[in-house]
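These exercises are for a reader who has not met this structure before. Work through each task with the sequence and the model at hand, then read the solution below it.

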Amino acid sequence: MKKILYFIAIFFITGILASCEKEFLNSFPRGQVIAKTTADFRKLLDFVDNSRYSYSLSLTTGYVDVMTDDCYMDSTKWNSYTTTREHIKNLYAYKNSVFTYDSPSFTNETNWNNQYYTISLCSNILSEITIATDNVEKQKQLIGEARVHRAYAYLILINTFAVHYNEATAATDKGVPIINNPTALPPLDRKSVKEVYEFIISELESALPDLPDDVDQYKHRPTKLSVYAILARTYLYMGNYTKALENANSALQIRNYLYDYNTIYTGTVDYYNNLIGISRMNDEEMILWKTFAKSVVYTTASTHYILDTMTFNQLYPDFIKNPDGTTVNYDLRRTLKFNGIASNRKMTATSTFQFNFYNQRYKTDSNKGGTTCHNPVATPEMYLTRAECNARAGNLQAALDDVNAICSKRYKTGSFTNLTPANFQNNKDLVLDRVLLERRRELYGKDMRLYDLKRLNLPFTHKLGSLTISVPANDPRLIWPIFPKYIEMNSELEQNERETSGVKYYDKNGVEVPITD
Amino acid sequence: MIPGKYYFSMDGRDDRYVGYFGNFGYTYAKKYDFTGSIRLDKTNLFGGSQESPNLPQWSLGAGWNITEEKFAKDIKFLDYLKLRVSYGWNGKIDKTAAPYLYGYPWTDKVTLLPYSAIQSAPNPSLTWEKTQTYNIGVDYAFLKNSISGTINVYRKNSDDCLVQLAVNGTYGFQNNRGTFNGGRLENTGLEFNINANIVNNKNFKWQTMFMYSTNKNMARGITKVSDNTSAYTTMAFYYRKPDRPLSYLAAVEFAGYDEVGLPKFIYDGEVTKVTDIANASTLIMDKLFKFVGQKDPKHFGSWTNRFIYKNFELSLGLYYKFGHKVIGDYPPTNLFTSSGFLQPTKMYTFLPELMLHSWKSEADAATAEMYNLNNKITNSSHTQLMDLIMSYGTQNVYNAGSIRVKNISLSYSVPKKALSKINLKDLRIVIEARNLGTIVKFAPFDPDNPPYSSSTYGALMFVTRNRPEFSAGLKIGLF
């Protein structure tokens with residue numbers, strides 16, 4: 001009998017222990033933040049700081065525009081791109097073999113990897129956030145934010161690594177893999193360009209209702225404003241100008257601020273000091289804060305955004321050269337965005353013009369230990385998207401109104417006369433060209449020129465020393481190749497072919513030079 | 001919030017385990033033992049709601065004490081003989097891997113917002129690494145216990161091995177690495193030790209202890225294989241080659257120097273010059289590398305001898321390891337700048353001997369230990385290949401077998417008689433030397449501490465690890 005009592009006692013004690021156990025194990029390991037509540041997921045979606053870790057949600061691309069007429073490299077500069085940047089050199093020269101450097105430590109291509117990091121993180125957040133039910137409204141907003149970050153990453157990927165959207169062939173053109181469940185390591189077959197664009201649009205549209213209208217001081221958090229802006233860009237790239245116009249309008253209704261460069265640049269002290277004071281916390285033009293890729297261009301975007309004198313003066317022609325060598329700039333962007341003019345406002349001896357804008361502009365942030373590297377989605381792009389759509393639709397006055405709005409803020413007060421359709425003989429194409437010229441000037445240095453070259457079917461040339469590299473419109477080499485090691489690990493991931501190309505090389509006498517690779 | 005507080009402190013962890021376990025032992029007629037244990041482990045490391053935390057671990061064993069049997073009692077020289085068998089299951093988890101999202105807290109310096117930096121991607125399918133162990137053993141003693149020891153044969157099969165692997169950058173994992181259950185590991189081994197009292201007189205004793213282990217392991221069931229140099233050389237975070245030992249070593253077959261003093265190698269059975277390869281990324285790794293052995297020893301153990309003469313005791317311990325290979329020292333990598341010339345700054349840890357014995361003319365072809373430094377190399381593929389050959393070329397693979405002196409100690413115990421006068425119980429003087437280096441080796445350097453002079457870290461480690469230690473001690477027992 002005693003024995004039986006013992007057994008019963010032991011049985012009960014075990015039962016009690018077993019019932020405690022569940023509680024005990026449900027507590028998560030400490031020392032890290034485990035995402036359970038909306039407050040935790042808020043923290044995950046605020047992970048945009050690049051001063052500590054090599055990845056974050058803010059990182060985008062770097063060096064995309066080396067393949068355009070917005071970059072000029074002399075041979076010294078060109079030769080300085082070695083090892084893990086050797087592909088930049090080959091892309092600049094439009095060579096057939098791009099990833100010529102191989103090393104066990106060279107395992108990633110940043111442009112691809114950064115976007116997929118964002119995609120992976122957002123996908124993981126989206127699949128885990130279902131447990132954060134403490135505040136349903138907040139939860140919905142966070143879901144929306146994750147969708148916007150992810151859609152933006154896909155928009156960059158599809159434009160960098162695939163042929164440009166073409167309604168007729170998009171359903172069969174190779175896009176990029178869509179990965180919603182990265183931890184399951186799904187196969188990496190490339191979805192069609194159309195599927196990727198459809199995914200981007202559906203993600204953005206489903207995010208829209210749950211987001212606040214305008215940005216606050218935390219400009220890395222997606223809002224309705226950023227959804228409209230990204231949709232405007234997406235539709236513009238798709239050639240759907242009606243929708244692009246609609247969304248650009250919606251974005252501008254929420255925020256249409258433009259800085260008057262006359263107030264930033266007073267012209268009496270050096271431009272450098274006048275830029276201090278703007279932060280990513282209070283930049284009124286900013287729609288969604290993003291940066292360039294960290295490992296490619298960490299401290300400065302200016303290392304490759306260089307123009308030769310001729311191109312520079314052609315692109316920003318509004319200046320007067322005084323007999324003493326000083327210049328009076330009507331287009332203040334000449335001074336503000338480039339280092340061609342020294343602090344004494346004289347032309348420097350350099351024959352090239354280095355883009356220096358965003359690095360200097362956000363000096364306040366770098367003084368706090370943040371990054372100086374910025375590439376946000378901003379209001380000027382919306383003006384220019386709207387202008388382009390209007391020009392294409394024949395609303396010439398409306399198109400020029402937006403150009404005027406920008407120029408009147410970018411030119412020295414009194415030096416810019418508003419443009420009217422009459423200045424362009426009421427010719428739609430001429431107005432469109434003027435809008436696109438303004439687009440190139442205003443969006444210089446934002447890694448978006450390549451996408452414009454692709455979508456506008458523009459041939460172009462750029463120089464490498466005395467060699468002229470001539471790239472025809474829509475050349476297959478305008479598409480970034482996929483890093484071979486990714487294909488090596490997953491053979492289903494198909495490469496972008498660049499073997500057949502119409503790229504030609506000419507020496508300084510205009511004689512074609514045969515290039516073996 | 002103080003940045004750094006979380007990152008650097010270890011006390012913040014709260015890893016919880018719950019274990020239920022039971023043991024039983026039963027001996028029948030002093031002859032037959034039965035042992036068993038069972039435990040049920042659960043942990044919060046896999047997340048409370050998952051199925052994975054449960055892992056029943058158990059083992060069963062049986063012993064047969066042969067010397068208790070009647071027939072064995074007649075064998076005069078046999079003192080003890082026992083046969084043991086056991087079988088068990090156990091599991092292992094990796095604390096760094098978890099099937100949920102977690103991150104380290106930090107503060108954005110510009111917005112001053114707290115944020116979490118994701119450190120691991122959740123992996124809901126992650127589970128325990130399970131190991132199955134079979135063991136047969138014999139414990140013995142004979143000749144009045146002057147010879148005794150054990151013999152063990154085991155087989156351990158680990159399933160769902162937790163491995164950290166490089167993940168395709170397209171999956172967007174932090175640092176492109178993740179922990180996965182991948183593949184199986186099969187371990188078979190034999191261990192034995194013999195303790196013998198060879199001489200056992202009153203004034204002179206000689207005891208010897210010999211231990212031997214051999215292990216053979218094989219990684220199986222690996223379906224994903226990386227085809228890059230790392231998968232053959234450093235193997236860090238890459239899919240390893242299947243059906244090879246865990247520590248396999250692969251090397252490029254070195255084939256001398258060409259007419260300008262740059263290394264040649266065998267590629268796909270053909271002698272190839274470095275300069276024949278315009279683009280190293282086109283090389284097929286299987287044709288470039290051959291497997292030349294393993295980095296872990298196949299046979300290893302120790303041999304200790306103690307000699308006791310009156311109050312003096314001399315002890316000599318030896319370690320031995322055989323059947324494995326090691327990579328020797330190699331010059332710094334990327335010796336040439338992009339313009340093709342030698343970088344003087346790379347030479348700070350350069351081995352002077354290598355420089356001295358570098359290829360200078362065709363007369364050096366057979367004896368040179370280093371390629372021609374007086375060359376202009378502009379193609380980075382050539383630099384990469386030379387760096388690969390100089391480090392992971394067959395000319396740099398050495399037999400790592402060695403016998404080394406673990407320790408020698410000499411002690412003297414002051415006789416009890418003398419001690420009783422000064423009221424001490426015990427007084428012993430010991431002098432000891434440790435880490436005296438190898439007495440037998442096949443490589444031109446200590447294979448356990450290869451110098452690796454081209455990395456400052458390796459060179460420093462070489463200096464610190466290779467120092468013999470000497471000590472002298474006095475041991476006093478008061479009561």
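**Exercise 1.** Is B:Phe289 buried or exposed?

Solution. The model is a predicted one. Step one is to take the relative accessible area of B:Phe289, which is 5%. Step two is to compare that value with the cut-off: buried means under 20%. B:Phe289 is therefore buried.

**Exercise 2.** Classify the aromatic pair formed by B:Tyr232 and B:Phe289, and place both residues in chain B.

Solution. A pair of aromatic rings is described by the distance of the centres and the angle of the planes. For B:Tyr232 and B:Phe289 the distance is 4.6 Å centre to centre and the angle between the planes is 5°. Planes under 30 degrees apart count as stacked, and the pair of B:Tyr232 and B:Phe289 is stacked. Next, locate the residues: B:Tyr232 belongs to helix 3 (residues 229–232) of chain B, while B:Phe289 belongs to strand 17 (residues 289–294) of chain B, so the pair ties together parts 57 residues apart in sequence. Last, check the accessibility of the partner: B:Tyr232 has 0% relative accessibility and counts as buried.

**Exercise 3.** How many aromatic pairs does the structure hold over all chains, and how are the rings of A:Trp112 and A:Tyr116 arranged?

Solution. The count over all chains is 37 aromatic pairs. In the pair of A:Trp112 and A:Tyr116, the ring centres are 5.0 Å apart and the planes stand at 50°, so the pair is tilted. Both residues lie in helix 5 (residues 110–128) of chain A, and they are four residues apart, about one turn of the helix. A:Trp112 is buried, at a relative accessible area of 0%, and A:Tyr116 is buried with a relative accessible area of 0%. Finally, look at the surroundings: ring pairs link A:Trp112 and A:Tyr116 into a cluster whose members include A:Phe99, A:Tyr101, A:Phe106 and A:Trp480.

**Exercise 4.** Which ring lies under A:Lys89, and which under the charged end of A:Arg334?

Solution. For A:Lys89, the ring is that of A:Trp78: the lysine lies over its face, at 5.0 Å from the ring centre. For A:Arg334, the ring is that of A:Phe319, with the charged end 3.7 Å from the ring centre.

**Exercise 5.** Describe how helix 2 and helix 6 of chain A cross.

Solution. Start with the axes. Those of helix 2 (residues 38–45) of chain A and helix 6 (residues 136–161) of chain A come within 10 Å and cross at roughly 20°. That crossing angle makes helix 2 of chain A roughly parallel to helix 6 of chain A. The crossing of these two helices of chain A is left-handed. Then find the residues that make the contact: helix 2 of chain A contributes A:Thr38, A:Phe41, A:Arg42 and A:Leu45, and among those from helix 6 of chain A are A:Leu142, A:Glu145 and A:His149.

**Exercise 6.** Do the same for helix 16 and helix 18 of chain A.

Solution. The axes of helix 16 (residues 379–393) of chain A and helix 18 (residues 428–442) of chain A come within 9 Å and cross at roughly 165°. This makes helix 16 of chain A roughly antiparallel to helix 18 of chain A. Their crossing is left-handed. The contact includes A:Leu384, A:Ala387 and A:Ala391 of helix 16 of chain A, and A:Val431, A:Leu432 and A:Val435 of helix 18 of chain A.

**Exercise 7.** Where does B:Gln384 lie, and which residues does B:Gln384 touch?

Solution. B:Gln384 is part of helix 6 (residues 380–392) of chain B. Its relative accessibility is 14%, and B:Gln384 counts as buried. Not counting residues up to four places away in sequence, B:Gln384 touches A:Thr100, A:Tyr101, A:Asp102 and B:Ala280.

**Exercise 8.** Where in chain B does B:Ser358 lie, and what is the C-alpha separation between B:Ser358 and B:Leu373?

Solution. B:Ser358 lies in the loop between helix 5 (352–356) and helix 6 of chain B. At 5% relative accessibility, B:Ser358 is counted as buried. B:Ser358 and B:Leu373 are 15 residues apart along the chain, and their C-alpha atoms are separated by 7.1 Å.

Technical notes: Residues are numbered from 1 along each chain as its sequence is written. Chains are lettered from A and ligands numbered from 1 in the order in which they are written. This is a predicted model: local features need pLDDT of at least 70, side-chain atom pairs count only at pLDDT 80 or more; totals for chains, interfaces and linings use all residues. Side-chain values use heavy atoms; hydrogens and water are left out. Rings of Phe, Tyr and Trp (its six-membered ring) pair if their centres lie within 6.5 Å; planes under 30 degrees apart count as stacked, over 60 as edge-to-face and the rest as tilted. Buried means under 20% relative accessible area, exposed over 50%, partly exposed in between (1.4 Å probe, protein chains only). A charge sits over a ring if NZ of Lys or CZ of Arg is within 6 Å of the ring centre and within 35 degrees of the ring normal. Axes are lines fitted to C-alpha atoms, for helices over the stretch in contact, and angles run from 0 to 180 degrees between N-to-C directions. Angles under 35 degrees count as roughly parallel, over 145 as roughly antiparallel, 65 to 115 as roughly perpendicular and the rest as oblique. A crossing is left-handed if the near helix is turned anticlockwise from the far one by less than a right angle, and right-handed if clockwise. Contact means heavy atoms within 4.5 Å.
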